[in-house]
Structures are given as structure tokens and as C-alpha cells.
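Reader: Could you walk me through this model with questions that a beginner might ask?

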Amino acid sequence: MKAVIFAAGIGSRLKPFTDYHPKALAEIAGKPMLGHVIDKLVAAGADDIVVNVHHFPEQIEAYLAKEYPSVRVSDESDLLLDTAGALAKIYREHSFREPFASGEPIVVHNADIYTDFAMTDMLSAYGEGRAVVLVDPKRDSSRQLLFDVSDRMIGWRNIAKNIVRPASMDIGTAHGAAFGGVHILSPEILADIDSFCGPVLHPCSIIDYYISACGKKNIMAFTPTYDFKWFDIGTSEKLATARMAIESEQ
């Protein structure tokens, strides 16, 4: 199984730590967030992992060389490409060790998200030719993915700004949920993301891709059926909250 970890973000909301370090190396329970994510993916069966880097890339590369030497790097030092752009670069540059097997899942995980749900449960919702996205209808968020009664994505909305995309959609029967920073993509979806980004690599969002593609592609919601931990460590306050919750159980 292949996996991509997004670790290139500048982390401007996590200063002063990110004045000197990449956000992905912020520690919880004595281990960098990047290590927690890699361990989770390896335990689920990932054996071909690529991490994208931009902010203090040499620190991430040194950490990987010491702790996870088989993990590869996609270098965005010259230009931060956002999420879809990062995937397009990895696809075009054949960054994985091995070619794609037919229908092989590609797990995509933000390095600044700590979760404890069983990845094998999410993998059971995967099917060839589709994308599966972790969402939580209970979590407060002004931005939500919108799904129909079969949990297929049909759009997106920003509640605070009263924006719906596609603008023409009727949200009467839709249900919204906060996106959780974890996806499973098929090779076909990854190839379509590459096409969506256009011939010249540039910053491009995977949420924009999902909004554009959801009328044609199966982009399915996944929410664990049990309570699970989910922490975004994007600010100092959120990192402190995550540390308190997780380290108290160590």
C-alpha cells in the first residue's frame, strides 16, 4: 500500500516553534507528529511512503534518514504546491519506489493531524476508482463537505460566508461534515488530480479538485462508527490540548 504525508506547510499559526522547525516535527509524547503518522500508516500496511517538504526541509530529511530511511521525500523547496499540486508532483515524478498495482490504495494523511481510529476500518470503505475521505459531522467547522443520502460527496459550503459550491446545487437534502485531513485515493483518482492541476505545476487544492470532480467521481464519506480522537495541532493552543489529552494516557 502506498501513502503520502503532507508535511510541507509553513505553520505560521504555530509560531514561535515554526520560526525554527517544520510543523511536522512538533512533538507529542516525545515523538514528532510525522513519526506518529508514519507509524499509523505502516501499521495499516503502507510500505511505500512519500513525504512532501518545503519549510526547513533539511530537518525533515535528517529525521527520516535516521528513523525511517525507507521513506522518500518530494521536495517542494522552490514552490509550495498545496495539496493537489503536491500529489500531482509526486505522480509526475514517479516518487514512489514501485509502480502502482491495479486498484492499489494511496492513503493521504496530513502530518499535523493526530487520530487514533483504525485505518483498516477506513480501508474497508475503499473501492477501485473512488476516493474516501475522513469526515466528522459532529465537529464544529465553518467549512464542510456536503454529501447525499448515500454518503457520496455533492459539494462544499462555507457556513460563515454563506458560500456553496457548486453554486447551482440544491443543499436541501445534503448533510455536511468537517473534513478530517485523511483520504484514500485510487490510482485513477490520483491521475485525475494530476490532470486537474494542468500542465504546469502550481499551487492547487485537493478540496477544489473534489468540488470540481464530485459530480463525476465517487468521492465517499467515511466516519468511524465509534468515538475516536482527532486533533489538529496547527496552533500552539491546539498542540497543548493534544499533548494534554494524549500524554495523560501514556
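**Looking inside the model**

Reader: Is aspartate 232 buried or exposed, by its relative accessible area?

Author: Aspartate 232 has a relative accessible area of 17%. Buried means under 20%, exposed means over 50%, and partly exposed lies in between (1.4 Å probe, protein chains only). With its 17%, aspartate 232 therefore counts as buried.

Reader: What should I know about the model before we go on?

Author: This is a predicted model, where local features need pLDDT of at least 70 and side-chain atom pairs count only at pLDDT 80 or more, while totals for chains, interfaces and linings use all residues. Residues are numbered from 1 along each chain as its sequence is written, and side-chain values use heavy atoms, leaving out hydrogens and water.

Reader: Which residue forms a salt bridge with aspartate 232?

Author: A salt bridge here is a side-chain nitrogen of Lys or Arg within 4 Å of a carboxyl oxygen of Asp or Glu. For aspartate 232, the closest N and O atoms of the pair are 3.5 Å apart. The partner is partly exposed at 36% relative accessibility, and it is lysine 238.

Reader: How many residues apart in sequence are the parts tied together by lysine 2 and glutamate 104?

Author: The side chains of lysine 2 and glutamate 104 meet in a salt bridge, with N to O at 3.0 Å. Lysine 2 belongs to strand 1 (residues 2–6), and glutamate 104 to the loop between helix 3 (82–92) and strand 6 (106–110); helices (H or I, at least four residues) and strands (E, at least two) are DSSP runs, numbered from the N terminus. Both lysine 2 and glutamate 104 are buried. The pair therefore ties together parts whose separation in residues is 102.

Reader: Which residue is linked with Lys2 and Glu104 in a network of salt bridges?

Author: The salt bridge of lysine 2 and glutamate 104 that we just met is part of this network. The other residue linked there is Asp48.

Reader: How many of the 8 residues of helix 6 are buried?

Author: Helix 6 covers residues 206–213 and is largely enclosed by the rest of the structure. Its buried residues are Ile206, Ile207, Tyr209, Tyr210, Ile211 and Ala213. Out of 8, the number buried is therefore 6.

Reader: Which residue caps the N-terminal end of helix 6?

Author: Look for a side-chain oxygen 3.1 Å from the backbone nitrogen of isoleucine 207. That oxygen belongs to serine 205.

Reader: At what distance does the side chain of histidine 36 reach the backbone oxygen of isoleucine 28?

Author: Histidine 36 sits in helix 1 (residues 33–43) and counts as buried because its relative accessibility is 18%. Its side chain reaches the backbone oxygen of lysine 31 at 3.4 Å. For the backbone oxygen of isoleucine 28, the distance is 2.8 Å.

Reader: Which residue is joined to proline 16 by a cis peptide bond?

Author: Most residues other than glycine have a negative phi, and most peptide bonds are trans. Proline 16 is in the loop between strand 1 and strand 2 (27–28), and its cis bond has an omega of about 5°. The residue joined to it is partly exposed, with a relative accessible area of 46%, and is lysine 15.

Reader: What is the phi of asparagine 162?

Author: Asparagine 162 lies in the loop between strand 10 and strand 11, and its relative accessible area of 70% makes it exposed. Although asparagine 162 is not a glycine, its phi is positive, at about 55°.

Note on methods:
A polar contact is a pair of N or O atoms within 3.5 Å; within protein, one must be able to donate a hydrogen and the other to accept it, and residues adjacent in sequence count only if both atoms are side-chain atoms.
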